[in-house]
Amino acid sequence: MKLKKIHFYLSDNFIIPFWNSIQKNKVKKVIVSFLLLFTQHAFAQLGLNPSKVKWQQINDDTAQIIFPAGMTVQAQRASNIVHSLFKNDNDLGNKKKKVSVILHNQTTISNGFVSLIPFRSEFYLTPPQASFLGTSSWLDILTIHEYRHVQQLVNARRGVTNLAATLLGRFAWSALHHRAIPRWFMEGDAVYAETAYSKSGRGRLATFDMEYRSLIFDNKIYNYEKAAAGSYKDFVPNHYNLGYYMTTYARKKFGKNVWKEVLIDAGKYEGIFYPFSRNLKKHTGLRTKHLYKATMHELDSTWSKRTTNNQEAKKVRGFTSYTNPVFAENNKLIFEKSSFKKIRSFYKVDSSEKETKLLTPGIQVSSNTSLSYSKGLLTWSELTFDKRWYNKNYSVVRLFDLEKNKKINLTEKTKYFSPSLSSDASKIVVVDIKENMLSTIKVIDAKTGRELMAFDNTESHFYSFPKFLPSDNQIVVVAQKNSENGLVLLDINSKAVSEIVPFSSGLITNPFPSKDHVFFSSAISGTNQIYAVNLTSRKVFLVTNSTLGAFQPAISANSEEIAYSEFSSTGYKLRREKLYPERWTEVDYRSIVNQVNYIETLVSDEEGDFLEKLPDRSFEVKKFKKTSGLINPHSLLINPLGAAKRAEVIFANKFSTLQGSLGYFYNLNEKFGGFYGALTYGGWYPQITLQATTNLNRSKSFPVIIDRVREVEQDTVAGISFSKELEWRENIFSSSIAIPLNLTRGYHLTSLLISVKPSYHSLRSIKSNDEQFSSSESFSSISGKFRFSRLQQRAHQNINPRWGQSLFLEYSTVVNDDDFDGNFLHLRSSLYFPGLFLNHSLQIEFDHRKEDVLNTYTFVNNFFNARGYSVPINDEISRASFNYALPLLYPDLALGSIAFVKRIRANLFFDYSKARFREINFEDLDNESSSSDFGRGKIDQDSDMRSFGAEVFFDIRAMRLIEISPGLRVNYLLDSHLFGDKKISLEFVLASIQL
């Protein structure tokens, strides 16, 4: 092969060249990263729902409700709520905009969101076992909450925000909205709405109140920056709690329309910096931090401080929670334990209070966790996931045999919740939630998982937390309907249903039967307490008098002891006490008054009756075609930064099956422009992507000949002469097939991606001084990728997973072409191991890249070299890296409103890279263009690059807006710095950035 061959360089979509162009300017890189949050799109995952699901819709002038067949009742209810709020609710302003709402019934995770990209809301309809929205219907409260976000977004679209949205589309609208309106207002105001427009909602829940009450009782009223940003060191209630109290206090103090005025003016950007705080002061005289202080002062005076329980809980360091206690043989306790440092696991404690870890269960959302024990067996539920479809997952039953120390997977692909063993451990009772959201109580075999019986749910109750009575012939379960819940008994033989605790708005959880009584946790008084109901007399007794909340009662086999979890500002504490029935207080359960209700003085009867007065209109139902709105352009993005200037139109359909872009770019480095387009469809099992790029007037300097050899510190270095000889136009057409899989099992997050991408390249010469190059050329290439990741769940303070493996392998090659040759192999791998202490981490990386530098066609090079070194010319390069990460401080330091420093951490590293420049035989070179002074011969060049150093990162919330981790790196090079690299260097680096 002649060295005079022409070299071309392939880039995927000009994002990588743009990024590489600013690699050496670290400060600029940080600024660009910040701006790219709002100017560069990141496509969402596609293919959320199984392709076999049939969809229908209700489409009127207020909303388009899209739902699976069989969910008409829920769709009609959601339509009526949205329609009524659209017509009658002007609390935040009078602007209206129709929205699409997608109802999901394939997932077991209870959630919802609103997105502008594209404009839609999605509801995940499976209710949680321990409702965090109260005793009202999950769908009702979820609809009110999420539609409130729609109203916030629409009414804040004013002035600057409206202009940007009109000119540039939804990305600009979303970016400017979230820059102007803090997250605590968005969620706090939505919690206010769900509470004001129902007889339930988080604002009426004791579990919601107890978090800030715990801080006030312990004199832990943090400053505003910490309350808004959160902490790695201390428990801080989230922005839902913070926002609810602040928005509700402002309504009480300044009138119900105060947030309408603030929201509208902040959306207009009346004040470039912190427009929300500025306009809050304009209308109330208080900036956000002053409103926070006033709110906390009122809460402090409203909630009278009470002494804690006389019996001291077990002392622990840091935030640690003990939940779901159960008694085993010899009155030993088994429970779930988690902390800021450790993910949840099951433990056993003996009489000497020595804790022994039993196992770590799989993933489950906290509102669906429970634990049951009988005859040496533990049972609980875990989440499992469909391998391909993101919105399809399951809740399955797991068992653990303590004697055999063996975990048993009892069911698969079920939606079973709150499993509980019979006294003889032969059966398990579960809540089964169907795709139509009807809940059913089922009894299954504890050995095979086979269904033994099911109860008819003629009253359409929502069931949670079933338990066998000691006789195993009855089941006690929490039943919810019409914004109330109570305790009922199901008779296994007659299947009769009887009420034992009257229905009320006090949220009931975790009943536990024992001989003549059923113990349960209820929030009816405004503080969660343990109650007991006598099964014969139906009398209800107050058992505990907890300051903040008592939960999850368990009774010993001899009915002489009770264990339960009690909340505190440092986590749920485990309490174990003797039972003294004579000390219990008999109560009239339905007449108990909620003593802690922050919203009550503000909510009018009209607001509270919103759901009861809701019209029952029947909307027309039609078939929904998934191809509807397939091409939906929603944003224009202009990126003037870096070497690759871009302007592009982004489009995506509401159903998350198709996304794409069309745009123009101009590359300043190579002085050429072009057009590009990409389209990805994820509605089938494999994801299909089509791409096309036209590069106009591209030019390239390519190597002609080795022209000299020089000695640098006893190493031989080859120089290469470059000559600009070609201008051309290039069209690249490619398609790819990718299969993204979610293989998560247990407590490891596992994913796999396999993709193949064939490409066709057509080149046409515009100007060339190379006689060997014709006016047009074409060739094909193919690329394959394999990506695997298996990472253990991380606890709150964990810097890295304690255990984990990841592997990325890519191979690309030019195929069946005599004039062009090129191929490369790239391997990246990483292993995670525990460090010396819980939050320490050892990470070992190995990277390898192989590509002949003399190939005619050169693919993109994104290899990470040993830190401190430039990447030399090479045919093959490898890197091994050893990293030890550890936390240094948790300062919780506010630097005004500019930044809140949550954690300072370090990473100690050692890198070793080896680059090989293959043997070149100068006998093959064309001497006519050579100016070499070394004569003929051979070069075989290897480069060893070793470095070590330290990185210090600062995990901060910047500008009250984004989580960012800037840092400094010190590199020390152990080998000769052949490429102009300094022996000791200091770099500014950015570890991560996210909203």
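Which helices are included in what covers the buried residues of α12? The points below address this for the predicted model, and then turn to a positive patch and to one strand residue.

1. Helix α12 spans residues 275-284, and its buried members are Pro275, Phe276, Ser277, Asn279, Leu280 and Thr284. The cover over these buried residues includes α6 (170-180), α7 (183-196), α10 (239-254), α11 (258-267) and α13 (288-302).

2. After α12 comes Gly285, a residue with a positive phi, near 85°.

3. On the surface, a patch of positive charge is formed by Arg278, Lys281, Arg287, Lys289 and Lys293. Both α12 and α13 contribute to this patch, each with at least two residues. Helix α13 thus appears in two roles: it is among the elements that cover the buried residues of α12, and it supplies residues to the positive patch.

4. Within the patch, Lys289 belongs to helix α13. Its relative accessible area is 39%, so Lys289 is classed as partly exposed, a term that applies between 20% and 50%.

5. Strand β17 (residues 439-445) contains Val443. Is Val443 buried or exposed? With a relative accessible area of 2%, Val443 is buried, because the cut-off for that class is under 20%.

6. Beyond neighbours within four places in sequence, the contacts of Val443 are Lys427, Ile428, Val429, Arg450, Glu451, Leu452, Met453, Phe468 and Ile475. A separate distance concerns Leu421, 22 residues from Val443 along the chain: the C-alpha atoms of the two are 9.6 Å apart.

Conventions. Residues numbered from 1 in each chain as written. Predicted model: local features only at pLDDT ≥ 70, side-chain atom pairs only at ≥ 80, totals over all residues. Heavy atoms only, no water. Buried < 20%, exposed > 50% of the residue type's maximum accessible area, 1.4 Å probe, protein only. Helix = DSSP H or I, 4+ residues; strand = E, 2+ residues; numbered from the N terminus. Contact = heavy atoms within 4.5 Å. Patch = residues over 30% accessible without salt bridge, like charges linked within 9 Å, V, L, I, M, F, W, Y side chains within 5 Å. Areas by Shrake-Rupley, 256 points an atom, 1.4 Å probe, with all protein chains shown as cover. Salt bridge = Lys/Arg side-chain N within 4 Å of Asp/Glu carboxyl O. Lys, Arg positive; Asp, Glu negative; His and termini not counted. Charge placed at Lys NZ, Arg CZ, Asp CG, Glu CD.
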